[in-house]
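Please look over the sequence and the 3D structure below before reading this report. It is written for a reader who is new to protein models.

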Amino acid sequence: MKPNLYRHTLTLLGAALVLVGTLVTVVLVPLADATSGEQPARVRLAMASPDDAKDGNKPNGQKHAGDPLKAKDAAPLAQPEVLCERVQFAEEVIATGDPSIGYNCELVSEKNKSTTRGYSLSSVTVPQAGWKVHSLAIYTISYQPEKWLKLRRARLNVFAKKGDLPAADADPQGGREVEVTVRRIKEGVYEVRASDLKLDLKPGEYWIGLTPISSDTVGWGSHLLVHARDARFDDVGWSPGREKGRMDGGGKWTPVFPDRVDQHLSVRIEGWYVRRGQLLDWPAEKAKDAKLLHLRFGTFDPVTDPPKVPKELSAPADGTLWIVQYRETVDEKVRGRLTQAGATLLRYLPDDAYVVRLAPDAAEAVRRLPGVRWVGPYHPAYRLDPNVFPEPEPISQSSSILTMRSQFRERRRDGWRYVLVHLFGRDEATKKAAAQAVRDGGGEVVFESPKGYYLAANVPLDKLAAVAKCDAVSAIERRFGAFEHQPPGKGGNGLPVPAKGEKGEKVLITLAQIRELCGADAVKKGGGYEGLGVRVAFWDWGVREDHVDLLARPLTVVGTGRSASAIHGTEVASILCGEGRGDPRARGLMPAGGLLFAVDNFNHVSEDRYGLVDRFVRDHRAVLLSSSSSNWGGWENVKHYDGYALLLDDLVLEYDLLMCEAIGNQTTGSGIGQCGSWSKNALLVGGVHPRGSLRREEHRPILGRGPAADGRVKPDLVHFASDVFCANASSPKGYGEFGGTSCATPLVAGHCGLMMEMWADGAFGNLPLGRTVFDRKPHAATAKALMINSAYRYPIDGEKPFFTRFNQGWGMPDVGRLYDSRKKLFVVDQELALRDRQGVEYRLHVPENEPELRATMVYTDPLGTTAAAKALVNDLDLIVIAPDGKRYFGNHGLLEGKVSREGGAPDRINNVENVFLEKPAAGVWRVLVAAHRIAWDQHRGTTAWDQDFALVVAGVVGSGGGDGVPLSVGGATAVIRVSVRRRRAGWTRGRWRSSLDDDHQVARLYLRARLH
């Protein structure tokens, strides 16, 4: 393109934007350079607004006609979403008020017009690509309630963060005055809300506050404090004078109760997330004439082939639990009709069915609802794990001391079953009903989870049916009993023969060699990354704290008690954070990191891990967890999605914590594991035998083989599980070999920790927010996606491959590869939640001669039930479309090879989907994530049922693969990206500015151009 034509084109673009006043997606197609033979330059403006998805505002100015993957855009959300919510009030705070309140009120005396002021600001983090704020609310306690309800004015303040406190010249008295409404939301608590704010916030960190303007006529109130997990900085307050017992400083900004861990000002912000991609309506698939119910009891068509259920395991005539199956994919319309008919949704069952609570006389009305295919009782037979009926077989047990406390209360009795009773809810009433059913049947409750959806019980075999008939019970399964230590892998049982050195001794792979192989040394050299600020949690037998490699990284012990045995735990700690002082060959992956450790069998409340994980995250700010000895037993007996897998999934959902979990040391058979092996949301780790070599072609699979019973790809990642040299507990300077997935798991977790440090440093073009790695960490699904996307994948094609997709998962971590791809990476860190029939499209540019395009989509799936034979609840699809229109569905072709195949069908069983392509064509690729089914609400920040996701695409260019430079025109905001081709190769970075005066409106275009 000739320079003058290019400049005139941009000038016309700027003028058009001023005249239009509202930015839409625009494409300019100037004349091509006739001598170059290149395609014309393309300039695309991406609207940065919550309501940009209007018909006709499509990329390239085209409508999505005649293409099912180009459906009509969705209308903007009618109601604002919850962007930030901190309203977890403690009853004792409301009852006592002081000191758990912050003074926050502008008091105006009507008599002498004098004022006293105290202002409080909440810390908030605005993610990519920004917020459009509609309303802001704070929550107060008032000693003059009737007057307080008359409050009508407040002052809005927003200050960008540039340090630990607002700048001295950040004057809260100059804030914008807004109208507010006050309402009582519960006894003693009043919401003060300002609406229709029209406040646009770009990505970054802010202090934001709403200060009531009060007087004698409306009383006064104080801002309530709450517990909050997502705060990035301590909240702050300001007062011109000294307020005894509250804020001090005589007009200076000060932290609000900095000594109170995770105590922050209550706040609720509503509005819309600004999207980077184009939101689309997504067409529903044509309904199938025949559908199956996938239960562990059996897979069957309830209409044409209903199974026979024993009378003693049939639902009672007056039972209130029903299964409702639909012909079409379940959606909001389906749920609304069910609710209106009096049904309460309890759990999703595949395919397209719900367990509901429904009065028997209302069942017929539900049968007549549009789209209902079948309605039938949720029989007790459907809830019982088939494993509870046979006589217990001898279960392989280790000598682990990590025995559940409930084990000490077990009495082995003939004709009894030791079970986990899973519940529909975790509230006290539900647990009380289930416990009473156990006792009424002559059984005993051994353990009741304080926070989980289950209780452990011993029940006479002939009374199991009675317990299963309780309407609080969703499923009952066998309890295997102990948290088993996974012993290191040993020779024999089909394992490869250990490699021998020149003198015949076993050849060990050192941690130093692993650091070189998987990129830890590369990222240290490239960015100085060695785990600084990363806090990794683990539980084990014990740790030799006086080991020379751990002296500089003292343990933070969580919980009470220490085990006498330091075997196993010392090796895990060494791999994660050992310094290698006694032997540099044993230098761990994060020698600058921090270790959180627990032996939890001493704490009855922490038996099910909820208590420990809560403390790891809330009190100690762990960014990931490495779990090598946390299974509930079941050695080589678990072939299904069990209760511990469900618990792991729930922990990831509740705490957004990346959990690296050992899949187990099974050496034979596929799909055979132990408790927890088939979790959806945790990162499951399998084992590889190095055979004394760093050459990948010498490696062999060794431990942990999928697929899961429903076909899901497991493990997720693998690492060395034999002959690894690291520190041990034999002496303060002891070293030796370690193995098993107990070894592979901290190896994977250590590399995850390095990724966390890189993310916190902004290495991937992301915006690092907050003061600590914990503050800045990616969401758990994003962390998992980053590790999977960059992993080294062993070949699985050829005549006799050693590896399959189901014994290596998605490969071995390679943080060096991740670091090298950082400038060609596009990441969506759960910034958008999809509802029914929605999709989002990202258009990303692949440069010339790019060796590989890798797209990975991961989402944290809602909980299902252990009674189902399929674990997946919500179903998102990944679709990648080449410039020539070829389409690649997530995981298609990757179960048999390293490279994705064109066409195929969407994956309907995995919540991890990949598209891997070699030598992709240069040009604009379309990457889509679409919601096939939203059966349950996962994204809790909105009132709608929706599902968020993580997306990582490697091999694309342009400031994080899709970013651009802000452009402002007449109050609107947009992003502009430019790609210009010329004959001569090379990079040019520049800035061009054009000012156009039209009715005092100025358009400024800032361009970042790539010339090649």
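The report below turns to one helix and then to aromatic rings.

This is a predicted model, in which local features need pLDDT of at least 70 and side-chain atom pairs count only at pLDDT 80 or more, while totals for chains, interfaces and linings use all residues. Residues are numbered from 1 along each chain as its sequence is written, and side-chain values use heavy atoms, with hydrogens and water left out.

Helices here are DSSP runs of H or I with at least four residues, and strands are runs of E with at least two, numbered from the N terminus. Helix 14 covers residues 643-655, and because the expected span is 1.5 Å times one less than the number of residues, its 13 residues should span 18 Å, which agrees with the 18 Å between its end C-alpha atoms. In this helix 13 of 13 residues are buried (buried means under 20% relative accessible area, exposed over 50%, partly exposed in between, with a 1.4 Å probe and protein chains only). At the N-terminal end of helix 14, Asp642 acts as a cap, with a side-chain oxygen 3.1 Å from the backbone nitrogen of Tyr644.

Rings of Phe, Tyr and Trp (its six-membered ring) pair if their centres lie within 6.5 Å, and planes under 30 degrees apart count as stacked, over 60 as edge-to-face and the rest as tilted. The count comes to 19 aromatic pairs, including these two:

| Pair | Centre distance | Plane angle | Type |
|---|---|---|---|
| Tyr378 and Phe424 | 6.4 Å | 55° | tilted |
| Phe826 and Tyr842 | 5.2 Å | 55° | tilted |

Phe826 lies in strand 41 and Tyr842 in strand 42, so this pair ties together parts that are 16 residues apart in sequence.

Notes: Polar contact = N/O pair within 3.5 Å; in protein donor to acceptor, adjacent residues only side chain to side chain.
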